[in-house]
Every structure is written in C-alpha cells, then in structure tokens.
Amino acid sequence: MDIKRTIVLKGIAVSPGIAFGKVYILDRSEVQAPLYNLDQPAQIVSEIKRFREALKKSREELLEIKKSLSEREIEPSFILDVHILMLRDKTLLNTTIENIREKKINAEWALKLTLNKYREMFSKIEDSYLKERISDVEYVSQRILRNLVGAKSKSIAEIEERVLIVSRDLSPADTVQMKMDRIMGFATDMGGKTSHTAIIARSLGIPAVVGLERITREVRNNDEIIIDGCDGFVIVNPDPEVLIRYEEKKRHFEILEEDLLREAHLPAVTLDGCKIGIGANIEFVEEIPTALAHGAEGIGLYRTEFIYINRERLPTEEEHFSNYRKIIEGTKLKWSTIRTFDLGGDKFISDPRVADELNPVMGLRAIRFCLQEIELFKVQLRAILRASAYGKTRILFPMISSLEEIQKVKSILGEVKLQLARENIPTGSIELGIMIEVPSAVIIADSLAREVDFFSIGTNDLIQYTLAIDRVNERVSYLYDPLHPAVLRLIRMIVESAHDAGIRVAICGEMAGEPAFTLMLLGLGLDELSMNPLAIPRVKKIIRNSTLEEAKALLKESMKYDTASKTEDFVRGYMNNRFPDEFYFEKA
Ligand code: PEP
Ligand code: MG
C-alpha cells in the first residue's frame, strides 16, 4: 500500500479561508528566450513584425479573458486592464524594437533586454508595494514570450474538476479566472502579500498561501492538500485526524465570515448610541465595489499617488479627473476623500524633479513636493475641484508640518477655484482636511484646526516620525509600536484640539483597521476610522457590541502602563476575552 508522507509547509497567508481537495499543478515555468543574430535587413523587418504580432495576440488573449468574465457577469479586475494597457506601452514597444534594430537580435532576446531594463528600474524603488509591481511587467512579458516562441500553456478556464491549484507563480489574469472555474484555492512558490494576485484572491474570497518556496517540488497532481489561508500553512497528504481538525476550522471560519458580512452594512453605532464613521482606504478606483460590500460608508483615504504606477509621467488633468469623478459620483458612497499626491519619501517617483535624496523620508515629500511644483499641483487641484461638482468631496493634504503650509495650500486652491469660475466650469462644495502625521502638526494642532474642516491622523507616518523609526526598515521594525505611550498621548492631543475647535477627526493609518485597537480608538474619541476594506466588518461588529463608556474605561486603564508591550498585552488580553469570536483565529 502506498502510504503518503504528510508534509507541512509554511508560507504567507494572503487570502483567508480553508480549502481542501486535490492538487492540480499548473505549469507556469518561465519560457526561456532563445538568442540569435540577424544579419539581413529583411530579417530585422520580419522580427519587428513578429514582435508586433505577439503583442497583438497577447492583447487578444487578455481581451478574451475579460469578455468571458463579463459574459458570466463577473466584474473583470482592473489589473487585466493594466496588463492590456501595458501591451500598448510605448517604452516596451520602442525599447524592444530599438533592441532588435540596433543590436540585430531576435525579438525574444530583445524583449528580454527590455525586461532587464525594467527590473533595474524597479530594483531601485524602496516602497515594497511599488517594487512588487515589476511582477506585472514580468507576467505581461511572459505572455508575449510564449506567443513569440509558440509555447502553449494551459489556461485555468480549461480545468474541469474542482481542484486546488499549485504553481510556481500565478498571474493576476490566472487568478481572476478562478472564480468562474470554481477553483477552491491556490498555493504558490513565489509571491508576497501585496502582489496583485494576492489582492485579487482576497477580493474573490479564494483561500491562498504564497511564498511557499518549494511547494511545486513537494506535491504531485492529485495529492490531497489543505490550504490554510488564515495562518499560511499548506498540509500535504494530511492524516484523517488533521483533516477533521481542519474541517472544524473551516466550518468555524465560514460561519464567522458569513455573520460578519451579513452584518457589514449595519452602521457602526455603539450600544450607548455613539456613531463612528467608517471609511475605506483605497489605492485604485476598482476597489470600490469590495469596499462597499464590506460595509464602507465612504472613502476615507484615496492614495492618488497610485495613479502614477506604471507610468513615466505624471497624469494629465483629464486622467486625474476621470479617476476622481468615478469615486465621487458613485451614489452609494456617503463621502469621498481624495488625498493629494504623497510622492517622494518611500513613495515611488521616477520624475527627475524629485532628486535622489540622502534621507528622502525627511525630504521633499508629499505637500512639500507639491508646494515646490505648484503648476503640477494645480493640475491635480483643478481635477479634484471639477470632480467635486458630481458629489460629496473631501480633499486631504498629506504631511502638513506648519501653519504656513496649509495657508499656502488654501491660497493656491483659491486661485484654482477662481480660474475655474472664470472658465465657467462648475465645482461643488469641498471639505478641507489635513493629515496629522508629523509631531510638529500635533503640537500646533489647535491653530491648524482653525484652518480646516477635519483632521485625518496618519499613524503610519506619525509613529515613524515620533519614534524615529523608518517604517520600511525591517531592522528597526520591532520598535514600530502603535501603542507606544507617546503615540497614544499624541492621538489624545490631536482629538482634543480638533474637538475644541469643533472639527471632526479620523484615523486612516493601519492602526484603524486593527480590531484589537478598536475600543481604544473609540475611547480616545475618534469620530471616524478608515481602513483596508477587509478589516471593516470585524471593526464594525466590535463597535456595535460595545459602549463608549466601556471604551473609555479600557483606555483609562491602558494609559496607566508605561511601556508599549505592557499596554499591548493588556489590551489584546482584554479584547480576546471580550470578543472571543472576533479573535478566534489569532488564538488558534
Ligand atoms: C499614514 O501615514 O498613516 C497614512 C495613512 O498614509 P500613508 O501610509 O499613505 O503614508
Ligand atoms: Mg502618511
């Protein structure tokens, strides 16, 4: 009898849920590019033609995937459009054609050289999300390459059984097809938390574990596996006892998720009547349906710098406008907060106007960059003002550190408004807000509050600047502590200043989406929380099942501790006991 060995592999949990079933190995190994030299001018012409045809074929394939998705009424992912657009990217086209012409080499190798150029460019990016966007260029290049060499690879749509996919890597185009083909989960050797494949898996609700490094070497077709997308495990050939345990875990997870989603649309009101506004943080307009499905009332933070992804130039006014209008005119959102460009620092920009800096996080970032490049700033402001004619708009300025900055911003905004009025272009009313994410802004929050309609606390940066910890430096990440007494005291100061001046105050840093901190934030008096959409149902449920009085008492107790770790132990212990279902998977 063939007794199969049980193996447990640990990877990165990117999309929660438990799935078990048979493995289907999808071969996504890289196509190797051949190299040969061209010695006749006619060969050069024919290679360029071949390259253009491969681009066309790749585009047709992606359009076909998109079509079949919409035929089945599945929202095609925005990332398919990004890939389709990339196939028309001038740099990709021209650099490859130039390589063929000048180096007299075949199309496959010429494309490979273009890809190397992109890899070099992306390797210099520090922001991990943006750095990972190279994977989109790689997926598109692999598709072109496959068409150039005539390699046929099986598409997800051709798989007929209900299976779990195991692959070296999966493209976002692979992932979007999973929904219609009832693929129950996937596990890959490669990938990270912020890859688009991971983002799509989350939005489709398919359990997924990536970054397993060697899963393709450990399993064969038809092996039984369990994918645990909650904790990042894959169990190959589980014994019956483990299987029973996971069946139980799966049942529990599904009941909790169903309950959460069913209630996600209820308002976030405490038992004693305190209403908290709940917003979603988004990077792409296409995330709005997911945000709404998870119970977002508005958009609390739209990081507009993401419009800049995969581009060499800043967007035009029309490109800005069409993005903002899509958000603002959506009737289901009660408000939309557009944050002006937060470029520079750890955020990607290849524009020569942002010079290489020794210490970019303290450098020409966010509002500082916009105030230096006023014409460019005005393009964005015009677009936001124009879009404001279509619905309730809030504008948010990042990284304000002095009163003069917001006064200057307001005067530029006034000029832009006047100009639009002269051109008879309609605008709507706009609420003005600033991010409070630099300690100096906290200290002068009372005077800043007189200038604006609301504050939004950017705890990601506020923690970085207050505790002097680079937020992307993993060597000091152990010090990055949202519950550091200094951070809590600063938040309290901000809320007091805002409320004294009669304005609202939100938090839009990651801290807002951490359910263990929800009660503390309520106790601190926040009016609004904005977070990653998936976190919303759990946070709302906690709010609905507590009172403001309890939150204040918890806060008072936790502020007595003098270190972050003591505070955290206390708060997590309290929340685990108080909301066992909401923290079930953290304890498991
Ligand atoms: C923050 O700093 O907390 C924030 C929300 O902005 P970002 O993460 O985009 O800097
Ligand atoms: Mg910030």
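This short talk walks through an open sheet, a metal site with its helix, and the aromatic pairs of the structure shown above.

Before I begin, please keep in mind that this is a predicted model, in which local features need pLDDT of at least 70 and side-chain atom pairs count only at pLDDT 80 or more, while totals for chains, interfaces and linings use all residues. Residues are numbered from 1 along each chain as its sequence is written, chains are lettered from A and ligands numbered from 1 in the order in which they are written, and side-chain values use heavy atoms, with hydrogens and water left out.

Let me start with the sheet. Eight strands form an open sheet with mixed pairing, in the order β1-β8-β7-β3-β4-β5-β6-β2; strands here are DSSP runs of E with at least two residues, helices are runs of H or I with at least four, and both are numbered from the N terminus, while two strands pair if DSSP finds at least two bridges between them. The edges are taken by β1 and by β2 (12-15), each of which has a single partner strand, so one side of each is left without a neighbour in the sheet. From one strand to the next the twist averages 30 degrees, where axes are lines fitted to C-alpha atoms, for helices over the stretch in contact, and angles run from 0 to 180 degrees between N-to-C directions.

At the β1 edge, strand β1 (residues 7-10) runs antiparallel to strand β8 (residues 233-236), and four bridges join the two. Within that pairing Leu9 stands opposite Val234, and Lys10 stands opposite Phe233. Lys10 also lies over the face of Phe233, at 4.9 Å from the ring centre; for a charge to sit over a ring, NZ of Lys or CZ of Arg must be within 6 Å of the ring centre and within 35 degrees of the ring normal. In a regular strand the side chains alternate between the two faces of the sheet. In β1, Ile7 and Leu9 make up the covered face, and Val8 and Lys10 the uncovered one.

Moving inward, β7 and β8 are antiparallel and joined by four bridges, with Ile227 opposite Val234. Their hairpin has four residues between the strands, and in it Gly232 takes a positive phi near 80 degrees. On its other pairing, strand β7 (residues 224-228) is joined by five bridges to strand β3 (residues 18-26), again antiparallel, and Phe20 has Ile226 as its bridge partner. Helix α10 (residues 240-263) packs on the sheet and touches β3, β7 and β8, its direction making about 110 degrees with that of β3; contact means heavy atoms within 4.5 Å.

Which residues coordinate the magnesium ion (ligand 2)? They are Glu437, through OE, and Asp461, through OD, at 2.0 to 2.2 Å; donors are N, O and S atoms within 2.8 Å of the metal (3.2 Å for Na, K and Ca), and water is not among the atoms, so sites may look incomplete. Glu437 lies in the loop between β13 (430-436) and α16 (439-443), and Asp461 in helix α18 (residues 459-467), so the pair ties together parts that are 24 residues apart in sequence. Glu437 is buried at 1% relative accessibility, and Asp461 is buried at 3%, where buried means under 20% relative accessible area, exposed over 50%, and partly exposed in between, with a 1.4 Å probe and protein chains only.

Asp461 is in good company, since eight of the nine residues of α18 are buried, so the helix is largely enclosed by the rest of the structure. Those buried residues pack against β10, β13, α16, β14 (454-457), α19 (485-500) and β15 (504-507). Just after α18, Ala468 takes a positive phi of about 55 degrees.

Finally, the aromatic pairs, of which a search of the whole structure finds five. Rings of Phe, Tyr and Trp (its six-membered ring) pair if their centres lie within 6.5 Å, and planes under 30 degrees apart count as stacked, over 60 as edge-to-face and the rest as tilted. Tyr302 and Tyr324 have ring centres 6.1 Å apart and planes at 80 degrees, so this pair is edge-to-face. Tyr302 is buried at 1% relative accessible area, and Tyr324 is buried at 0%. The pair of Tyr561 and Phe570 is tilted, with 5.3 Å from centre to centre and 35 degrees between the planes. Tyr561 is partly exposed at 28%, as is Phe570 at 21%, and ring pairs link these two and Tyr574 into a cluster.
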